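Please explain how this protein chain is put together, going through its helix packing, its loops and some individual residues.

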Amino acid sequence: MTDAATDMSNRPHFTTMLERCKPLPPLRTALVCPHEKTALGGALEARDLGLIEPVLVGESARIQQVAQKNGFDISGLTIVEARGEAGAAHAGVDCVADGRAQAIMKGDVHSDTYLAAVIRRENGMRTANRTSHCFVMDIPNWPKPVIITDAALNVAPDVKNRIAITKNAIKLAHALSVTEPKVAVLSAVESVNAAIPSSAEAKEIADHGYENAIVGGPFALDNAVSARAAKLKGITNPAAGDADILVVPTIEAGNILFKALVYMAGAETGGLVVGASAPVILTSRADSAEARIASCALAVLMANAA
């Protein structure tokens with residue numbers, strides 16, 4: 001057990017996610033480099049909540065040392081010995097590839113090293129689909145969770161790749177029981193403007209055609225999330241003012257948006273890489289326990305989606 005359970009009572013959308021996970025079996029998850037307190041403790045708390053069954057991948061002596069120092073009980077957990085960050089990342093992917101794990105989770109390892117193993121071509125987790133990252137935001141006083149994509153993985157995706165990113169986010173929304181998510185493809189304006197290339201790209205992305213989703217664009221942020229703003233500007237697209245998913249034009253836009261919500265509006269976030277052969281949990285060393293637990297819950301729901 002960990003010292004104290006994280007209080008999620010002020011995160012209603014994440015609490016709903018956790019409730020939906022309760023009847024589902026824990027997800028065997030390869031935890032890469034659990035070599036420090038936050039990485040190991042967050043995974044163990046997710047274990048205690050019945051979300052995951054951690055498979056600890058890294059240097060066993062360091063893992064045992066962290067557990068002993070912090071009073072963590074890791075008895076009964078499998079430890080896969082691996083040396084160095086790259087060695088552990090590849091060993092974690094091996095666990096997924098050979099069925100010892102059903103998902104993979106980032107611990108105390110650099111993101112580029114971790115993701116390089118995930119998307120390796122030989123016996124990795126790469127599929128024919130584009131991989132992309134989704135943040136699921138629990139924003140205070142907001143009526144529903146909001147998905148932001150892609151704010152962590154694809155730097156400047158072209159139209160073709162943003163269509164794939166949009167499809168990935170729709171799949172995640174379906175896993176969260178949003179049967180027909182409303183998707184807003186963002187720009188700085190709500191109509192095509194030749195001086196703003198992302199506006200024309202947003203329209204092309206929105207017009208592509210998607211199953212079980214309502215997709216519109218371009219939208220500026222205000223008329224994507226505010227019904228009042230959309231009405232004042234005469235926007236009649238059914239996704240206007242009520243978006244479940246915000247598709248950003250670049251990683252900079254997404255990163256600024258999600259961090260503004262976290263640090264200025266008190267939001268919390270869970271994150272997941274979608275499009276690989278299994279759920280890929282991508283946490284930051286700065287993430288709270290809430291964020292780590294929410295990310296594990298996302299992985300469970302995605303793994304069990306039809």
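The model is predicted. A good place to enter it is Pro-249, which is in contact with Pro-157, Arg-162, Leu-186 and Ser-198 once its neighbours within four places in sequence are left aside. Pro-249 sits in the loop between β9 (245-247) and α10 (251-265). Its relative accessible area is 18%, so Pro-249 is buried, the cut-off for that class being under 20%. Another position to compare with Pro-249 is Glu-204: the two are 45 residues apart in sequence, and their C-alpha atoms are 12 Å apart in space.

Lys-144 also belongs to a loop, the one between β5 (132-138) and β6 (146-149). Is this lysine buried or exposed? Lys-144 counts as buried because its relative accessibility is 17%. Its contacts, again without the neighbours within four places in sequence, are His-13, Asp-242, Ala-243 and Asp-244. Asp-242 also appears in a polar pairing with this lysine: a polar atom of the Lys-144 side chain lies 2.8 Å from the backbone oxygen of Asp-242.

The loop between β5 and β6 also holds Asn-141. With a relative accessible area of 81%, Asn-141 is exposed, whereas Lys-144 at 17% is buried. The backbone of Asn-141 deserves a look as well, since phi is near 65° there, a positive value in a residue other than glycine. A second asparagine, Asn-212, has a positive phi of about 55° although it is not a glycine. Asn-212 is placed in the loop between α7 (197-206) and β8. It is exposed because its relative accessible area is 52%, and the exposed class begins over 50%.

Two peptide bonds can be checked next. The bond from Gly-217 to Pro-218 is cis, with omega near 5°. Pro-218 is part of strand β8 (residues 214-219). The other bond runs from Thr-149 to Asp-150, and it too is cis, with omega near -5°. Asp-150 falls in the loop between β6 and α6 (159-175).

Another lysine, Lys-106, is found in strand β4 (residues 103-106). Which residues does Lys-106 touch, not counting those up to four places away in sequence? They are Leu-31, Val-32, Ser-111, Tyr-114, Ile-281, Leu-282, Thr-283 and Ser-284. Lys-106 has a relative accessibility of 4% and therefore counts as buried. Computed along the sequence, Arg-285 is 179 residues from Lys-106, but the C-alpha atoms of the two are 9.4 Å apart in space.The helices can be taken last, beginning with α11. Helix α2 (residues 37-48) packs against helix α11 (residues 289-303) at an angle of about 50°, and the two axes are 9 Å apart. That angle makes α2 oblique to α11. The crossing of the pair is right-handed. On the α2 side the contact is made by Thr-38, Ala-39, Gly-42, Glu-45 and Ala-46, and on the α11 side by Ala-289, Arg-292, Ile-293 and Cys-296. Sorted by class, this contact of α2 with α11 has 5 nonpolar, 2 polar and 2 charged residues.

Helix α2 also contains Asp-48. Asp-48 counts as partly exposed because its relative accessibility is 29%. Ser-75 is 27 residues from Asp-48 along the chain, and 13 Å separates their C-alpha atoms.

Helix α11 packs with α6 as well, at an angle of about 90° and with the axes 9 Å apart. The angle makes α6 roughly perpendicular to α11. What residues make this contact? From α6 they are Lys-171, Leu-172 and Ala-175, and from α11 they are Leu-298, Leu-301 and Met-302. By class, the contact of α6 with α11 has 5 nonpolar, no polar and 1 charged residues.

Note on methods. Residues numbered from 1 in each chain as written. Predicted model: local features only at pLDDT ≥ 70, side-chain atom pairs only at ≥ 80, totals over all residues. Heavy atoms only, no water. Helix = DSSP H or I, 4+ residues; strand = E, 2+ residues; numbered from the N terminus. Buried < 20%, exposed > 50% of the residue type's maximum accessible area, 1.4 Å probe, protein only. Polar contact = N/O pair within 3.5 Å; in protein donor to acceptor, adjacent residues only side chain to side chain. Contact = heavy atoms within 4.5 Å. Axes fitted to C-alpha atoms, helices over the stretch in contact; angles between N-to-C directions. Parallel < 35°, antiparallel > 145°, perpendicular 65-115°, else oblique. Left-handed = near helix turned anticlockwise from the far one by under 90°. Nonpolar A, V, L, I, M, F, W, Y, C, P; charged D, E, K, R; others polar.
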